[in-house]
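Below are some remarks on the aromatic side chains, set out as numbered points for discussion. Please read them with the sequence and the coordinates at hand.

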Amino acid sequence: MATLIFLSNSTMKPSCRFLITRRTPGIFGSAKYHHTLTGDISRNQISFDHNKQFSEYPSGFFGFRSIINSTQKFFCIPIANFGPPRLVSGSSCGERTRRRTSRGVSVVASVASEVKEYSTSVETRVNDKNFERIYVHNGIGVKPLVVEKIDKDENVLGEAASRIGVVVPDEGEKVNTENLEGVKGVEIGNSWREESEIEKEAWKLLNDAIVTYCGSPVGTVAANDQGDKQPLNYDQVFIRDFVPSALAFLLRGEGEIVRNFLLHTLQLQSWEKTVDCYSPGQGLMPASFKVRTVPLDGNKSEEVLDPDFGESAIGRVAPVDSGLWWIILLRAYGKITGDNTLQERVDVQIGIKLILNLCLTDGFDMFPSLLVTDGSCMIDRRMGIHGHPLEIQALFYSALRCSREMLTVNDGSKNLVRTINNRLSALSFHIREYYWVDIKKINEIYRYKTEEYSMDATNKFNIYPEQIPSWLMDWIPEEGGYLIGNLQPAHMDFRFFTLGNLWSVISSLGTPKQNKAILNLIEAKWDDLVGRMPLKICYPALEDEDWRIITGSDPKNTPWSYHNGGSWPTLLWQFTLACIKMGRLELAQKAVALAEERLAVDHWPEYYDTRTGKFIGKQSRLYQTWTIAGFLTSKVLLENPQMASMLLWEEDYELLEICVCALSKTGRKKCSRGAAKTQILV
């Protein structure tokens, strides 16, 4: 067993204390020695004591326990023995609250950077069965570390704050203000204009939705309707749902909750089997987690983090998008706050690589796109999107680009970076070439010959022209186009999926010409895709026999409701980002103005029904947090469009020079890189 202990002087005011333990047969191997690392944070001193003894730690759970010092105060002490993450124990910090606690100083331990030289070395080998070969020296485990909230102490914060990554605010100063000095016209924490009553209400509701764990904010509940007697899983913190909340907080200059969220979800990352004796894959991020209070002996209680990896979800489907959103949010945190120390931590670097390992694992699939099952993303019910849905490919592409930016490049990671570049190149070409439809492309498909067998085949996926739906021929505008929802052998899903198309624009998965055409199509088909409430999650809805066969007669996904053509206001922030990137600010302003007229009056619903989004969804939750956060994020971005650059990706022209065909020694692959370049140079 390896133990890492940080102890402060008992005569000082309480400060961060850390106890990191690792179960012997964990992912880091089987180190046999017991080591103690003792450090005085106030002096930033670290020393080692070696106790050469065999120790065996039973399978259990990792989390936080409480220690009472001489002042009889409770502290959250991290314990990471790498047991099953199904139930993560926390310290005796009292009942959970959903309101803001009084602002103290948030200290996030940067222990990994302090002891990195004697903690781990990481070797990455792409396509190895063991993608991560991690060797632990001196028995120090780095997974995971803890976020602490402490009382302000001049001795600790004055002398050692800069050494342990603490930003110390002056009186009245907002944390992280200096990190946005390069952004003109932005005053963090205090808007330069008077907020409207709707915005004030939205900020209050967002703050009320905050979930705390051991006294620190760690996320926001999915919905916070006090009148809802059956919240189901809407009282949990979802990774995908929290992203707009995180951006709203970051753009307002509040980074503590986002940092806490990133670290705690990293602790919950799957390292062992969880679902019906089957492994969901090492590195899987949970769909959501809940803070529970567990009673103990002696009228005491403790808080625990209880993650859901899909074993409690509708259909018991593991979330493919959670890890991708986590990586995207990690990059956004660094860009907006200017704090790159988080992504440089050893445990965070390992977390990124585990997610990439899960996504880049070789299989039977021949495509560069990511193969997933139905219901594994925002559309979390059966809707016929299994295979290679556009939403996952766009998020996958973004996560790869984020990872390439954040990974520490060394001998152990250079092969992984090379693999990322090759996958990015192949994926971008695949989506741009085969998912794109406009008038010209549809006419080409209309004249396809089938049963083509050769390397030079035009109809590579054996698509039958009869698959082109009649509604599409009349619906597609002359000036505009979009990326279809899915592509598989002998099948093209021609539905327009808003999230996938918007994120393709944001991440530059589409070419500049395609990105422009997507917004042209949304403008031309405004009544269909926006109507009275932005934005349709997909168009058109499945009806009649298609609804019965594809959804299984799902009573929640009836035509023009929920995921089957419902209108989702949370998509506003992504639409705003796409519009800012393409210089179409007026479209975003028009959409936000439509939403602003109704959202507060309708009590911030989750989604709207009917073709035009006229009615509140029949099963829509009220006070839906990502509806609130999506609106607020859009408002901030519209007031400060220049801040959007930190959340966008520009075209990467170097990817066009990377050709995976050159890796083939057989010469059987025909390179189509020239076609990709011609699409760019417009």
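**Aromatic pairs and charges over rings**

1. Counting rings whose centres lie within 6.5 Å as pairs, one arrives at 21 aromatic pairs; please bear in mind throughout that this is a predicted model.

2. One of the pairs is that of W503 and W649, whose ring centres are 6.4 Å apart and whose planes meet at 65 degrees, so the pair is edge-to-face, the angle for that class being over 60 degrees. The two residues come from distant parts of the chain, 146 residues apart, with W503 in helix 13 (residues 498-507) and W649 in the loop between helix 19 (625-639) and helix 20 (673-680). W503 and W649 are both buried.

3. W604 and F631 also form an aromatic pair, here a tilted one, with 5.6 Å from centre to centre and 55 degrees between the planes. Because W604 belongs to the loop between helix 18 (585-598) and strand 21 (608-609), whereas F631 belongs to helix 19, this pair ties together parts that are 27 residues apart in sequence. W604 counts as buried, its relative accessibility being 0%, and F631 is likewise buried, with a relative accessible area of 0%.

4. A further point concerns grouping: W471, W475, Y482, F496, Y539 and W560 form one aromatic cluster.

5. Lysine side chains should be considered as well, since the charged end of K556 sits over the ring of Y562, at 4.2 Å from the ring centre. The charged end of K590 sits over the ring of W526, and here the distance to the ring centre is 4.5 Å.

Technical notes
Residues numbered from 1 in each chain as written. Predicted model: local features only at pLDDT ≥ 70, side-chain atom pairs only at ≥ 80, totals over all residues. Heavy atoms only, no water. Phe/Tyr/Trp six-rings, centres within 6.5 Å; stacked < 30°, edge-to-face > 60°. Helix = DSSP H or I, 4+ residues; strand = E, 2+ residues; numbered from the N terminus. Buried < 20%, exposed > 50% of the residue type's maximum accessible area, 1.4 Å probe, protein only. Lys NZ or Arg CZ within 6 Å of the ring centre and 35° of its normal.
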